[in-house]
Structure formats: structure tokens, C-alpha cells
Amino acid sequence: MGSVFRSEEMCLAQLFLQAASAYDCVSELGEDGLVEFRDLNPNVTTFQRKFVSEMRRCEEMEKTLGYLLQEIKKADISLMDCDVNPVAPLPKHVLKIQLDLSHQAQFEEFPSLDKEPLMDYTNMQRLGAKLGFIAGIIHPWKVGPFERMLWRVCKGYTILTYEELDIPLEDPESGEDVKWVVFLVSYWGEQIGQKVKKICDCYHCHVYPYPNTNQERKDIVAGLNTRIQDLHTVLYRTEEYLQQVLSKASESIHTWLIQVRKMKAIYHILNLCSFDVTNKCLIAEVWCPVADLPKVRQALEEGSRKSMATVPSFVNRIPTTDTPPTLLRTNKFTSGFQNIVDAYGVGNYQEVNPGPYTIVTFPFLFAVMFGDFGHGLIMSVFALWMVLSENNPKLKRTRNEIWNTFFDGRYIILMMGLFSLYTGLIYNDCFSKSLNIFGSGWSVKSMYNSNVWKNADVRHNQYLTLDPNVTGVFRGPYPFGIDPIWNLATNRLSFLNSFKMKMSVIVGITHMTFGVILGVFNHLHFKKQFNIYLVFIPEMLFMMCLFGYLVFMIIYKWLAYSAANSELAPSILIHFINMFVMQRNEDAQLYPGQNGVQIFLVVISILSVPVLLFGKPGYLYWKHHGGRNFGTYRKGYTLVRRGSEEEVSLLRTHEMEQGDIHSNHTSQADGAEQEFDFGDIFMHQAIHTIEYCLGCVSNTASYLRLWALSLAHAQLSEVLWGMVLHMGLRMDNDYGSLLLFPAFGFFAVLTVAILLVMEGLSAFLHALRLHWVEFQNKFYTGTGYKFSPFSFELLIRHSDDFA
């Protein structure tokens, strides 16, 4: 595992994959997630690549499996909700199709119809005619023409009875739902019957047999009922079997979907490779961590073994001048903090990584603004619960993006809560109340014993002042944090304002100075020692001579002045302003010789600006022109003439060793030396100088948000306590206990909604800004790109979310 302080060393390698084992080798590499493939066919369109047909088949199968997975999720495969029941009564429309026996009496007795026949039943019997029946169903829009055709062709020797079904049934030919019409035609004579059958065929009627006797009709109905019951049973058993098949398939469909996506990803990678002239070998270029090269070779050997290839695949490291990707290995604890850094920008290759320092500084700056022991305790317990439940799939796989954001940052929230516990104890603030753990260092009794306070003073004055100069009143500082007696003082706000404002300045300047120091490690690593003398030292002199001196004055004033001579203490702000305008103030000085020291520091800071502005461009100009104007170049005992190829090689080697190549942290992509442009270099350095010098002022002022948000959080907490919960606590009648419960509930809701969520989010965003703008811009470029290895883990994670 590489260092978390700097990205891992990367290399560019070529993979020679035999055609027979290329699929298995890429599959092994995808399982381990070791390499990032480069496209060797940038000018070839997607539809012209070799494995495009395989990718299309995988895409079609993926769509099919995805659709089935969605349908299985929607469908309820429990048998309790099945509509088919083998013992259920027959539906009404089935009974309609069976031609209800109640119509039999109508045809036997010939009741009055809408249209009277030419002959009645009695006359037909006299003529010896035999009565026969034809039953069937017909489309509703064909009933009128069908009836007229029967009347005209059969000369009235037919009787038509019909009725429309209540429930539509499916048309077997078109598949549409149609409200069929059931009809019964009675006729006399064989010739009339032949005509009726032909008419039914012409109108595409579905004809069913209709016996002449009652008993035969009852037998047919009973047979139909039996067949329908059998069909219901078959349908039920079939659906039950299909449900079992789908249940088993649903257990495997997720695995199938992952396998299809893996196949698609492998063919996509194979499309990035190029073929040699014999088309028997695929060549791929990959970025790979140097430490993982043995694992890559092992994966290729395993892929060749699985495919039983006769010729093994192998990897070959190749030199390159391209910018490698940035790889920073993280775990579940450090990944959240690294994401905060990467949100600003992915670091350049082998640049100093702010992530490890952010683990401490980010929650600390948050806690400075969110310092409350009670609120920190709630936040810590909530985060600890998420950490202990991190393997719960119900918490990990949710579609609530807000919850996913909180859950992914559980370790960040835990650290912020723990640091808030610490700063809450420093501020001695717990839900706007102080904790008297060690006993106050102030004694009211000494004011009585010294006769400073009289009984009359106590009776007639609501507020009295403790004098620390009186013997025994101030017995010593509180062991840890702010003394709880300040919670009762009327000047508590002014005291905390002064304390937190000065504390914010000290923390801010320390944080920025630490960022400037981290830049030294970049200069040393990239072998640019001249940046230490021409950039780092002027920056540190400018920072320390002005703002470091401000921190010195704050600490010196705390140590040099006590309660006895506090009235003589000068204003640090006035002294700092007079320092810039070089105005003497002999009356009130922090220490002897202050004016001379301040003038010296201002001169040093002013002189560091032109060095910072012209030093680096001038040096690079001299190295490019003046430093190479000598006729010969001596390297050891070898004398090389100017202009020879050997000189160019030796000069470049010497510059690499001395760090004199004035490119950025990354080398040129085309491998050629960048053309020297003094104007461009000077412009960049001028922008950096102006930004740094002005930023030292603005960034220091920006850290005052630590004081402002801490004060706002404390005041909101105090207001919420006084206006909500205190109202229920101060009522001493019978209604007080009843009012306390809703008051506490309202207080808890407002505490979580306002002080924890809203104030916590505000403090989080301000801490984020302090890291991005005030801290990271001192040493961190953040213009690289992240190492994205080919890995099946992302496919599986995406499939889990999809499922």
C-alpha cells in the first residue's frame, strides 16, 4: 500500500494478449481492478471496432434481463393473491356462452317475437316440418345485417333470438376485447338449415352444436362445466408452476445481469486494444501502480491458464512523458476526508496530499464553530450508531440521496462530534449552560471578608462586580476550559468575543503557515530547490513578519498583563495599524524597543515582495540564457563542446538532478521540452505574488468566521433555552409539570432542526471553504486526474443499487 501523504508511483505498461486468452486475461484484470486502459484506436468510430457485434448482443441481453428484473420486482408471486381458483364458481359470461336453458322454453312454445313468422309452429307441424336449432356468437356490428339476411333468404322460416354479453371477451383472431352477441336460430327443413349455415359462415359466426332434446342440452352443459373446471385447474397448475420457475429465475437473474455486464465491459476493453499485423495478438496500454506490476503478471498468467493458451500473455513496462494519473488508496475511514479534498480538485501526480491533515484540521475547525458539549454528544451518538450499523443493507441501499450523503460521511460526522465535545468543554458550554466540574476559581465570600461588599450593597444592587485584585477573590485559573462563573457575568459576551476573536486569528495564521510549509515538500520532491529560496522563504518572511508578529503580540499581551495592570494594556489592533503606517506610539508599548522591531519587520516584509515577484522568473531567465552562455560545460573530468548532442544530454541530466527544469509538476505530453517564455512565466509569478500578499490579509480576516459562527451558535442555543425550555421549568404550579413535556419536545425538535442540522451544515460549509481557499491554495494545485482502473466492483455495486 502506498503512502497516503503522496500519490503512488505509476508506470505505463504494454500488455501483449494472445487472441485466444485475451478475454480471460481482461476478466482477471477486471476482478482485481489493477490497471487503467488507454484507447489505442481514437480515430476509429464505435461501429467500426472489432467486437461491436458482441457488445450489441450483450446490450440486448442486458435490456431483457433488466426488464425482467423490473417486472419481477413489480409482480407479486405469492399464491395467496392469485385470481385463478380451481373451486371458484363459473363466471357469468361463461354461463352466457352456454346458452341459458331458460331460452329453451321460448323456442319450444314460440312466444311473441318482434317480427311474426309467416307460419306458426302448429301449421309447420301440420306440414310435417322438423324443427332444428343453430347456436353461436357474432360480432355486435354484424347482428343487423345478419338478421336481415336470414329474413330475406329464408322467407321467414327462421326465428332469431340474440342477447349481448355483459362482459367483453377476447377475439381469437384480432386479440381485442369484444362484447359478443349470443344468438339462437330455429329453422324448419334441411334446405333452410343449409342456407342458415352458409349465412353464418359468410358472417364469420362461431357456431356451436345445440341438441333438440332437453336432456341432451343438459348433458352438454354439464360436460362444458366439467371441461371449464378442468381448464381452470390446468391454468391454475400452470401458473403455479410458472411462478415457481420465475421464483427460481428471480434468484439468479441478478447474477445473470452482472455476468452480462461483465461481458459487455470486457468487450469494451478489447475494443480499446490494437491488433498486431498477424491478428493473433492484442496490444493494450495501461496505467498501473508500480507496486501492482507483480499482481498484473499473475493475473495474465491466470487468464492464460484458464484459456489453456499455448503462448502466454505478458506485460512490458515502457517509458513515457505523459502525465500519470493520481492514485491515493483509502479505506472506509479516510475515504470521506479524501473526497472533501478531491471535491476541490484531484491532486497532481505525486503532489502533497492534504487528505491526512484534513482528518484532524477539518473536524477541529468545524468544532471551533460548533463548540457545544450537548450538541456534540448528540452528533457523536448518531454517527456512532451509523458506524456500528454500516454493514446493514437496509441503511446502505436506499434511494434517499440525503440519507446516503449522511451515511457515507458517518466517519466525518463522528470526528466532528468528538471534536465538538472537546471544544464544548473548552467553551464550557452544554446546551447554553456551563458545567461546574472542578469548582470555580472565583470566590464571592472573599468580597465580604474584605469588606468590599456591604449588606446594603447586596440588597439594593442586582449586579455586583468581582475584583480579582482583592485577596482571595481569584484563586487561580479553571483547570480545563472557561470558568463556569462567566455564565453568570453580565460582561460574559464581551469576554468571549475577545477570547474567540483572538483565538480565531491564532488558529487561522497557524493553519495558513502550515500550508505554506507543506509546499516545501513539493519543491524537494520535484527537485526544484530554487523554489525554496525564491518562493518559500519570501512567503514565510512576509507571513511571519506581519501576521506572525500579530500572533506574538496577542500571546505576549496575555502573558505580560494581569488583573493588576490590565488598565495599562494597549490595543493590539491599534498597534498593528500603526505598524503598517510606521507611526510611533511612545505612550503605550507592549515591550521596550517595539517601534524599532516593527519597522524592521515591515521593511523585511516589503523587501520580500520584489524577491517573490522577480526572483523565480529572473533565475529561470538566467538559467535559460545567461547560465548557458559559457563556451564549455564541465561534468566531472569530461569537457564537452557547446552545441553538441552530448552536451544537450548532459545538461538535461544535470538539470533533472538539480531540479532546474522549470515545468509544472507534470511533464509535457509530447515529450518535447517546453519553449521558454519569460513573459508568460513572469505573468504567472506576478499573479501568484499578488494573490499571496493580498490573500494573507483577506484569508486572515476570513478565519474570523470561526469567531462569528461560534458566537452565533452559542447565542442561538441560549435563546432557544430561555424562550422554550426555561418557560416550562420556571412554572411551579400544577400546570408546570404538564407544560414541561410539550416544552421539552418542542425544545428537542428545534435543537435538532436548527442547531444540529442547519447550524451544523453552515459550520460544515464554512470549514470546507477554509480548507479549500485559505489552506489548500498555499501548496495544492489540484489539476490532476484520478486513476480509474478497470474493475468489476463498480458494476456489482451498480447492480446492487439497481436491484
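In the predicted model, R492 has a relative accessible area of 13% and therefore counts as buried, since the cut-off for that class is under 20%. The side chain of R492 meets that of E718 in a salt bridge, with a distance of 3.8 Å from N to O. Because R492 lies in helix α18 and E718 in helix α24 (residues 705–729), this pair ties together parts of the chain that are 226 residues apart in sequence. In contrast to the buried arginine, E718 is partly exposed, with a relative accessible area of 38%.

The R492 pair belongs to a wider set of such interactions, as a search of the whole structure finds 18 salt bridges. Among them is the pair of K262 and E31, whose closest N and O atoms are 3.1 Å apart. K262 is placed in helix α8 (residues 214–272) and E31 in helix α1 (residues 22–32), so that this contact links parts separated by 231 residues in sequence. Here K262 is buried, at 18% relative accessible area, while E31 is partly exposed, at 42%. A further salt bridge joins D342 to K786, with 3.4 Å between the closest N and O atoms. D342 lies in helix α10 (residues 334–344), whereas K786 lies in the loop between α25 (734–775) and α26 (793–802), and the pair therefore ties together parts that are 444 residues apart in sequence. D342 counts as buried, with a relative accessibility of 18%, and K786 as partly exposed, with 39%. In addition, E59, E62, R261 and K264 are linked to one another in a network of salt bridges.

Helix α14 (residues 401–408) has an inner and an outer side. W403, N404 and F407 are buried in this helix, and, seen down the axis of α14, the buried residues fall within an arc of 100°, so they line one face of the helix. This arrangement can be read against the geometry of an α-helix, in which there are 3.6 residues a turn, so residues three or four places apart point the same way. The cover over the buried residues of α14 includes α12 (373–388), α13 (393–396) and α15, while the face turned away from the buried side carries the exposed residues E401, I402 and T405.

Two loop residues are notable for their backbone angles. Most residues other than glycine have a negative phi, yet S432 has a positive phi, near 70°, and K527 likewise has a positive phi, near 55°. S432 is located in the loop between α15 (410–427) and α16 (445–449) and counts as buried, at 5% relative accessibility. K527 is located in the loop between α18 (492–525) and α19 (529–560) and counts as partly exposed, at 39% relative accessibility.

At the surface, M582, I599, V603, I606 and L607 make a nonpolar patch of about 420 Å². One of these residues, I599, is found in helix α21 (residues 594–624) and counts as partly exposed, with a relative accessibility of 33%.

Confidence varies along the chain. The mean pLDDT is 82, and 85% of the residues reach 70 or more. Over residues 77–129, however, the pLDDT is below 50, although this stretch has 76 contacts in the model beyond near neighbours in sequence. Residues 629–673 also have a pLDDT below 50, and for this stretch the model contains 61 contacts beyond near neighbours in sequence.

Notes:
Residues numbered from 1 in each chain as written. Predicted model: local features only at pLDDT ≥ 70, side-chain atom pairs only at ≥ 80, totals over all residues. Heavy atoms only, no water. pLDDT = per-residue confidence, 0-100. Contact = heavy atoms within 4.5 Å. Patch = residues over 30% accessible without salt bridge, like charges linked within 9 Å, V, L, I, M, F, W, Y side chains within 5 Å. Areas by Shrake-Rupley, 256 points an atom, 1.4 Å probe, with all protein chains shown as cover. Salt bridge = Lys/Arg side-chain N within 4 Å of Asp/Glu carboxyl O. Helix = DSSP H or I, 4+ residues; strand = E, 2+ residues; numbered from the N terminus. Buried < 20%, exposed > 50% of the residue type's maximum accessible area, 1.4 Å probe, protein only. Arc of directions from axis to C-beta.
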